[in-house]
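Visitor: I would like to go through this model with you, one topic at a time. Shall we begin once it is on the screen?

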Amino acid sequence: MQWRSIVVGLLVLRVALSCVLWLAFGLGPSWGFNFPIKFSFNLHKIELLKNGDMATSRTNAWSQNVYDNRDHQEKTCSKISENIPKKSYLSFFKTSRDEYDRKYSSFSDALKIKMRGMAKDMFYFGYDNYMKYAFPEDELNPIDCEGRGPDVLNPSNININDVLGNYSLTLIDTLDTLLVLGNVSEFHRAVRLVIDTVSFDKDSTVQVFEANIRILGSLISAHILLTDPRHPFGDVGLEGYDDELLRLAHDLAVRLLPAFENTSTGIPYPRVNLKSGVPPDSINETCTAGAGSLLVEFGILSRLIGDSTFEWVARRAVRALWSLRSNETGLLGNVVNIQTGQWVGKQSGLGAGMDSFYEYLLKSYILFGEKEDYRMFIAAYKSIQSHLRRGREACNEGEGDPPLYVNVNMFNGQIMNTWIDSLQAFFPGLQVLIGDVENAICLHAFYYAIWRRFGALPERYNWQLQAPDVHFYPLRPELVESTYLLYQATKNPFYLHVGMHILQSIEKDTKVKCGYATLHHVVDKSKEDRMESFFLSETCKYLYLLFDEDNPLHKSGSRYIFTTEGHIVPIDLRFREKTWEEQLYFYNSRPSPRLCLYERRFALPLKSAYMRQIDHMVGLS
C-alpha cells in the first residue's frame, strides 16, 4: 500500500507544479470569466523555459530572421518546444466563447443596412463636394474646398503630376461607382459631362500606368456597361450615346503608345506627354508594376475596336519582364532599366512597384483565356510561396509565426528589409480569386491588426520594430478590397465587423469640411489637403458593396472582375474569342472563375489563439 501512496503523492505534486507554472508564466487563454487575474498567451515566457531553443527555420518564424542576436526576451512568437502538446495551445478556444467570438460571430441585418447607408453617405459627401468645388479640375482639396490640377510650376513634382493630367480625373474615375450605388441618372449626367468637357489634347506629362488604370480603364468599363444590357446593372443605356467613351479611350491609348517606342527591351517608358510623346529628359528606369500592368485595359480595348496593337505592346512588355526573372528563384525585381534589361532595384515583394503585375497575370487569363498568362501566374505564385512567405506552414494549424510575405533579394531570397507596405494588403483578395482562401485569411488578419492599432494603415509598417516606417495614409482601398472579397468567399460576419471598423475610422479621423483628407500621420491623425480619386472609385465602392447583399453585382450569374483601380469589367466570351496573328499563344479555354463559398470550419475565419498571437506581434497586447 505504501507504493500507492507514493504514486498518488507524485501525481499531486505534478499537478501542483503545473498549476504554479500556468499562473507564473501565463500559458493559457482568457477563460471568458470576470476573474481579477487575466490569463493570456505569453510566448516570451514560453521561450524562457526552453533554454535558448530558438526557432530559426524560414518557414516557422520570420520575427527572428533579421536580428538573431537580440536577447531572447525581445523575440516574439518562437516555435514552442516539441514536448509541449499542440493541444495546450488551442484547446480552450475550441470549447469556450471568448471575447473574439462574442464580438465577431454575428452581424445583424439592421446594422448591415446602417453601414451601407453610412458608406453611401461617405461617397456622396466626397463626390458632391468634388463636383461643387473642384470639377473640372482633377482632384478636390477637401480642407480648403478647392480644385487641384497638375503642378505646372514644378514639373518634377511627380507625386502630383504622374496622376493629374488636367482631364477631370475624379469624375472619370468615379463613373461606375455611381452605377454600383444605383444612381443611373447621375451616371448619365456624369457621362455627358465627360463627353462634352474632356479632351486629352493637353500638354500634360503623366505616368502611363496611372493614366491607364484610372482613366482608360474607367472609360472602357463605363462604355461596356452603357452598351451591353446583359451585364449586372441591366439596360442603363443613354439616349443618343454613340460610343464616345470608347473613342475617348482609343484617343488616350494612342497618346500612350509612344512610351513603347525606342525601347530596346519592349518595356515602356514610365511617362509620356499627351501632346508630344516621351519627354526628351525621360529616365530609362521603370517599376515592374508600372510596365507590366497594362494588359487588362489595353487587351479589352484591342478586342473592342478590333486593333491588336494595344494588346500586342502590353503583352510584349509582360513577356520582356518575365524573361528577366531570376533563374535561381523565379522572382522579379522592382525597378528595371528599359534599355539594358538590367535590374536597378533587386527587391522582390508584393507591394509598391510589383503588386499589380501579379494581379494582372491572373486577371488577364480570366478575361482572355490565354494560357500563357496562367502559366506565368502559377509559376510566379510558386516562387512567391517558396521565397517570400515566412511563418508556419498552415494558417489555422500548427505552431510558429503567422504567415507573412516579406521583401527579399530577387536572386537569393534573402530578406532585404523589415517593412511591408499598405499596397500589399491587396494580396489576400488575389489569393481569394485563385482559391487560396486559407492563406488569404491569415495575411488579411495581420493587416487588420495593424489597422486596429493605428486606426489606419501606415504606408510602410516595420514588423520587426512594431512601428510605422512611413506614417501617412492616403485613404487607400487595398484592405477594404480584400475584406470585401473574403466576405464574398466565406460569408463570415467577421469581415462585416472589419468593414464597419474601417468605415468608422475613416469617418472619424479623415472627414473634413468638404470631403475626406489624407492622413499625414496615422498616430497623431494630422492631415494633408488631398483626396485622391481612388477614394471614391475604390474605397467607397468596396465598402458599399460589402454591406449591400442585394447589389446587382451579387446576383447569381453575374460574372465580372474588378481592375486594379476597382473598375467593373464583365467576363465576356467576346473577349475570349478573338486572336491575333502576331500572338504565338492562344488556346480555346473557357474556365468559369467565380468566388466559391469557403467551408466554414470555425466560428471565426482565424482561430482565436492565432488572432491573439497576431495582436501581440503588432503591439496590441
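Guide: Let us start with Leu545, which lies in helix α21 (residues 534-547). Please bear in mind throughout that this is a predicted model.

Visitor: Is Leu545 buried or exposed?

Guide: Leu545 is buried, because its relative accessible area is 0%, and the cut-off for buried is under 20%.

Visitor: And what is Leu545 in contact with, leaving aside its neighbours within four places in sequence?

Guide: With those neighbours set aside, the contacts of Leu545 are Val180, Tyr484, Asn551, Leu553, His554 and Phe562. In addition, 8.6 Å separates the C-alpha atom of Leu545 from that of Leu181, although these positions lie 364 residues apart along the chain.

Visitor: What share of contacts in the protein join residues at least 24 apart?

Guide: Counting contacts between residues at least 6 apart in sequence, 70% join residues at least 24 apart.

Visitor: While we are on the whole protein, how many helices and strands are there?

Guide: The secondary structure comes to 22 helices and 20 strands. Of the 621 residues in the protein, 61% are buried. The exposed surface is about 25,000 Å², with 51% of it supplied by carbon and sulfur atoms.

Visitor: New topic: annotations. Which residues does UniProt list for "active site"?

Guide: The UniProt record, an unreviewed entry, lists Glu210, Asp355, Glu459 and Glu478 under "active site".

Visitor: Where does Asp355 lie, for instance?

Guide: Asp355 lies in helix α15. With a relative accessible area of 12%, Asp355 is buried. Not counting residues up to four places away in sequence, Asp355 touches Ala289, Leu350, Leu423 and Phe426.

Visitor: What about Glu478: buried or exposed?

Guide: Glu478 is buried, with a relative accessible area of 11%. This residue is in helix α19 (residues 478-490). Beyond residues up to four places away in sequence, Glu478 touches Ser422, Leu423, Ala425 and Phe426. Leu423 and Phe426 thus appear in the list for Asp355 and in the list for Glu478.

Visitor: Which residue does the "binding site" annotation cover?

Guide: In the unreviewed UniProt entry, "binding site" covers Thr564. Thr564 is located in the loop between β19 (560-562) and β20 (568-570).

Visitor: Why does Thr564 count as buried?

Guide: Thr564 counts as buried because its relative accessibility is 16%, and the limit is under 20%. Apart from neighbours within four places in sequence, Thr564 is in contact with Ile213, Ser356, Glu359, Tyr360 and Glu538. One of these, Glu359, is joined to Thr564 by a side-chain polar contact of 2.8 Å.

Visitor: Now salt bridges. How many does a search of the whole structure find?

Guide: The search finds 32 salt bridges. One of them joins the side chains of Glu370 and Arg303, at 3.4 Å from N to O. Glu370 lies in the loop between α15 (355-368) and α16 (371-387), while Arg303 belongs to helix α13 (residues 295-305), so the pair ties together parts that are 67 residues apart in sequence.

Visitor: Is that pair buried or exposed?

Guide: Glu370 is buried, with a relative accessible area of 0%, and Arg303 is buried, with 3%. Salt bridges with shared partners join Arg303, Glu311, Arg315, Arg319, Glu370, Glu372 and Asp373 into one network.

Visitor: Which residues of α14 are buried?

Guide: The buried residues in α14 are Phe310, Glu311, Val313, Ala314, Arg315, Ala317, Val318, Ala320, Leu321 and Trp322. Helix α14 (residues 309-323) has 15 residues and reaches 21 Å from its first C-alpha to its last, close to the 21 Å expected at 1.5 Å a residue.

Visitor: What about the salt bridge of Asp109 and Lys112?

Guide: Their side chains meet at 3.9 Å, N to O. Asp109 and Lys112 are about one helical turn apart, because they are 3 residues apart in helix α5 (residues 109-134). Asp109 counts as exposed at 57% relative accessibility, whereas Lys112 counts as buried at 11%.

Visitor: And Glu139, which residue does that one form a salt bridge with?

Guide: Glu139 forms a salt bridge with Arg148, with the closest N and O atoms 3.8 Å apart. Both Glu139 and Arg148 are buried.

Definitions and conventions: Residues are numbered from 1 along each chain as its sequence is written. This is a predicted model: local features need pLDDT of at least 70, side-chain atom pairs count only at pLDDT 80 or more; totals for chains, interfaces and linings use all residues. Side-chain values use heavy atoms; hydrogens and water are left out. Helices (H or I, at least four residues) and strands (E, at least two) are DSSP runs, numbered from the N terminus. Buried means under 20% relative accessible area, exposed over 50%, partly exposed in between (1.4 Å probe, protein chains only). Contact means heavy atoms within 4.5 Å. Accessible areas come from the Shrake-Rupley method with a 1.4 Å probe; for residues, only the protein chains shown count as cover. The expected span of a helix is 1.5 Å times one less than its number of residues. UniProt positions are given in the numbering used here, feature names are shortened, and annotations may be inferred rather than shown by experiment. A polar contact is a pair of N or O atoms within 3.5 Å; within protein, one must be able to donate a hydrogen and the other to accept it, and residues adjacent in sequence count only if both atoms are side-chain atoms. A salt bridge is a side-chain nitrogen of Lys or Arg within 4 Å of a carboxyl oxygen of Asp or Glu.
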